[in-house]
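Grab a coffee and open the viewer. Here are a few exercises to work through, each with its solution.

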Amino acid sequence: MGIPQINEDTLYTLFFADDQIVLAQDHDDLEYMARKLIEEYKKWGLEINITKTECMIVGGPQEYIVLEDGSVIKNCDKYKYLGLKITNDGKLDEGIKDRIMQGRGTMLNGVLWDQGISKANKNI
């Protein structure tokens, strides 16, 4: 389970605020880890919102996760985590394009609305 050998440690989850990513090597591990996570959260009086929960398998066939109570964790093709768009093909192309477009938009808006730049220079 998890992603082994990152600085000699095994990485199982990524956390940020109320977001959590569970990392697994295959569908069976992911299903097991999802069930264990739900169990542990229940012990603390917490509940996972299954309708907001998604799974993604990078570089493999997309499969739903069916939980013991019959509820289903559906798949997604892409996921944005901490501003980085992750896609199920394992490539970062889409995320890189998004950041380029955000940078262009920021630069253009900065130039268009900057009072220190003359109208004549903005028309160039």
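**Exercise 1: the overall layout**

How many helices and how many strands are there in the protein? Work that out, then describe how the chain fills space.

Solution. Start by saying what you're looking at: this is a predicted model.

Step 1. Go through the secondary structure, and you'll find three helices and nine strands. Read along the sequence, they come in the pattern β-β-β-β-α-β-β-β-β-β-α-α.

Step 2. Check the spread. The radius of gyration is 21 Å, while the globule rule gives 14 Å for 124 residues, so the protein is more spread out than a compact globule. Along the principal axes, the C-alpha atoms fill a box of roughly 65 × 30 × 30 Å.

Step 3. Look at cover and contacts. Buried residues account for 19% of the 124 residues. Take the contacts between residues at least 6 apart in sequence: 27% of these join residues at least 24 apart. The accessible surface is about 9700 Å², and carbon and sulfur atoms own 55% of that.

**Exercise 2: two salt bridges in helix 1**

Find the salt-bridge partners of Arg 35 and Lys 36, and decide how covered each side chain is.

Solution. The general idea first: side chains of opposite charge can pair when their charged atoms come close.

Step 1. Arg 35 meets Glu 31, with 3.2 Å from N to O. Both sit in helix 1 (residues 27-43), four residues apart, which is about one turn of the helix.

Step 2. Now the accessibility. Glu 31 has a relative accessible area of 17%, and the cut-off for buried is under 20%, so Glu 31 is buried. Arg 35, at 25%, is partly exposed.

Step 3. Lys 36 pairs with Glu 39, and their closest N and O atoms are 3.4 Å apart. This pair also lies in helix 1, here three residues apart, again about one turn. Lys 36 is partly exposed at 31% relative accessibility, and Glu 39 is partly exposed at 35%.

**Exercise 3: from a pair to a network**

Which residue does Lys 78 meet in a salt bridge, and which residues make up the network around that pair?

Solution.

Step 1. The partner is Glu 94, at 3.0 Å from N to O. The pair links distant parts of the chain: Lys 78 belongs to strand 8 (residues 78-81) and Glu 94 to helix 2, 16 residues apart.

Step 2. Check the cover on both ends. Lys 78 has 42% relative accessibility and counts as partly exposed; Glu 94, with 29%, is partly exposed too.

Step 3. Widen the view. Salt bridges link Lys 78, Lys 85, Glu 94 and Asp 98 into a network. Over the whole structure, a search turns up six salt bridges.

**Exercise 4: a greasy spot on the surface**

Locate the nonpolar surface patch made by Leu 84 and its companions, and say which element gives the most to the patch.

Solution.

Step 1. List the members: Leu 84, Leu 92, Ile 96, Ile 100 and Met 101 together make a patch of about 440 Å².

Step 2. Assign the main contributor. Helix 2 (residues 93-113) gives the most, with three residues.

Step 3. Zoom in on one member. Ile 100 lies in helix 2. Is Ile 100 buried, partly exposed or exposed? Partly exposed, because its relative accessibility is 41%, and that category runs between 20% and 50%.

Conventions. Residues are numbered from 1 along each chain as its sequence is written. This is a predicted model: local features need pLDDT of at least 70, side-chain atom pairs count only at pLDDT 80 or more; totals for chains, interfaces and linings use all residues. Side-chain values use heavy atoms; hydrogens and water are left out. Patches are made of residues with over 30% relative accessible area and no salt bridge: like charges are joined within 9 Å, nonpolar side chains (Val, Leu, Ile, Met, Phe, Trp, Tyr) within 5 Å. Accessible areas come from the Shrake-Rupley method with a 1.4 Å probe; for residues, only the protein chains shown count as cover. A salt bridge is a side-chain nitrogen of Lys or Arg within 4 Å of a carboxyl oxygen of Asp or Glu. Helices (H or I, at least four residues) and strands (E, at least two) are DSSP runs, numbered from the N terminus. Buried means under 20% relative accessible area, exposed over 50%, partly exposed in between (1.4 Å probe, protein chains only). The radius of gyration is taken over C-alpha atoms; the globule rule is 2.2 Å times the number of residues to the power 0.38. Contact means heavy atoms within 4.5 Å.
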